[in-house]
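Hi,

Here is the structure I said I would pass on. Have a look at it first, then read my notes underneath.

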Amino acid sequence: MNWRRRLVQDLTGVVLEVGVGGGANLPYYRRAEQVWAIEPDPERAAAAERVGARAAVPVQVRTAAAEALPFDDAMFDHVVSSLVFCSVREPQEALAEIGRVLKPGGVLHMVEHVRPQSDWLAAIFSAVTPAWSRVAHNCHLDRPTLDLLRSAGWEVELLRTRLVFVKLRATRP
Ligand SMILES: C[S@@+](CC[C@H](N)C(=O)[O-])C[C@H]1O[C@@H](n2cnc3c(N)ncnc32)[C@H](O)[C@@H]1O
């Protein structure tokens, strides 16, 4: 089964997707009462809005960044982030914002690529990142997203790891 479908199809209640891009996950939501999505790039946000209009659940898209979410506290049951945290400029602020808008016990669902476990590979990734991030929309190959979550007090359940890709569920601190 497609990883995007597996990521979102069973989510219920009110869901926020951060960095929705062109809306590649939106066709796979089935059970959510409402999906809100944010995306800082206006062209991608407009594309996501078009995809969202054809989704099986109600979707609203806002042009915004994860570091400053335009939502009230404790509004969401779930937050989804796929392939976003490598390029967020201020990941700690973004995690704090996600924590703010999640309900107590709410869950952050992530599929991300993260800093490699092995020190030598991580060193290579760090050396390549300055050049890579310039051509790849600020993508950081060495982003320690797992460490950032844990040090901010999130309870992390690793569901899958494949090379540098992780799928995880994290519960709000
Ligand atoms: C590789 S794309 C992934 C898009 C989509 N999540 C997907 O799975 O196809 C990364 C996305 O993160 C967005 N992004 C970058 N910085 C962000 C930020 N600070 N807050 C939210 N989204 C951000 C980019 O604009 C881009 O659309």
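Below is what I found, going from the sheet to the helices, one loop residue and the ligand. Keep in mind that this is a predicted model.

Let's start with the sheet. It is open and built from 7 strands, running β3-β2-β1-β4-β5-β7-β6, with mixed pairing. At the edges sit β3 and β6, each of which pairs on one side only. From one strand to the next, the twist averages 15°.

Two helices are worth a look here. α2 packs on the sheet and touches β2 (32-38) and β3, and its direction makes about 175° with that of β3. α3 also packs on the sheet, in this case touching β1, β4 and β5, with about 140° between its direction and that of β5.

α3 spans residues 91-101, and its buried residues are P91, A94, L95, E97, I98, G99 and V101. What do those buried residues pack against? Their partners are β1 (13-18), β4 (76-82), β5 (102-113) and α5 (145-151). As a reminder, an α-helix has 3.6 residues a turn, so residues three or four places apart point the same way.

Now to the β6 end of the sheet. How many of the 8 residues of β6 are buried? The count is 0, so to speak a bare strand: β6 (residues 155-162) is hardly covered. β6 pairs with β7 (residues 165-171) in the antiparallel sense, over 7 bridges. If you want to check the register, V156 stands opposite A170 in β7, and E157 stands opposite R169 in β7. The hairpin of these two strands has 2 residues between them, and L163 takes a positive phi near 55° there.

Next, a loop residue. R54 lies between α2 (42-53) and β3 (59-62). Is R54 buried or exposed? R54 counts as exposed because it has 10 C-beta neighbours inside 10 Å, and the cut-off for exposed is 12 or fewer. R54 is 29 residues from N25 in sequence, while the C-alpha to C-alpha distance between R54 and N25 is 12 Å.

Last, the ligand, which is probably where you will want to click around. There are 19 residues around the ligand, and those that come nearest are G19, G21, A65, A66 and S82. Sorted by class, the shell around the ligand holds 9 nonpolar, 5 polar and 5 charged residues.

Over to you!

Note on methods
Residues are numbered from 1 along each chain as its sequence is written. This is a predicted model: local features need pLDDT of at least 70, side-chain atom pairs count only at pLDDT 80 or more; totals for chains, interfaces and linings use all residues. A residue is near a molecule or strand if its C-beta atom, placed from the backbone, lies within 6 Å of it. Ala, Val, Leu, Ile, Met, Phe, Trp, Tyr, Cys and Pro count as nonpolar, Asp, Glu, Lys and Arg as charged, and the others, Gly among them, as polar. Helices (H or I, at least four residues) and strands (E, at least two) are DSSP runs, numbered from the N terminus. A residue is buried if 20 or more other C-beta atoms lie within 10 Å of its own, exposed if 12 or fewer, and partly exposed in between; C-beta atoms are placed from the backbone. Two residues are in contact if their C-beta atoms, placed from the backbone, lie within 7 Å. Two strands pair if DSSP finds at least two bridges between them. Axes are lines fitted to C-alpha atoms, for helices over the stretch in contact, and angles run from 0 to 180 degrees between N-to-C directions.
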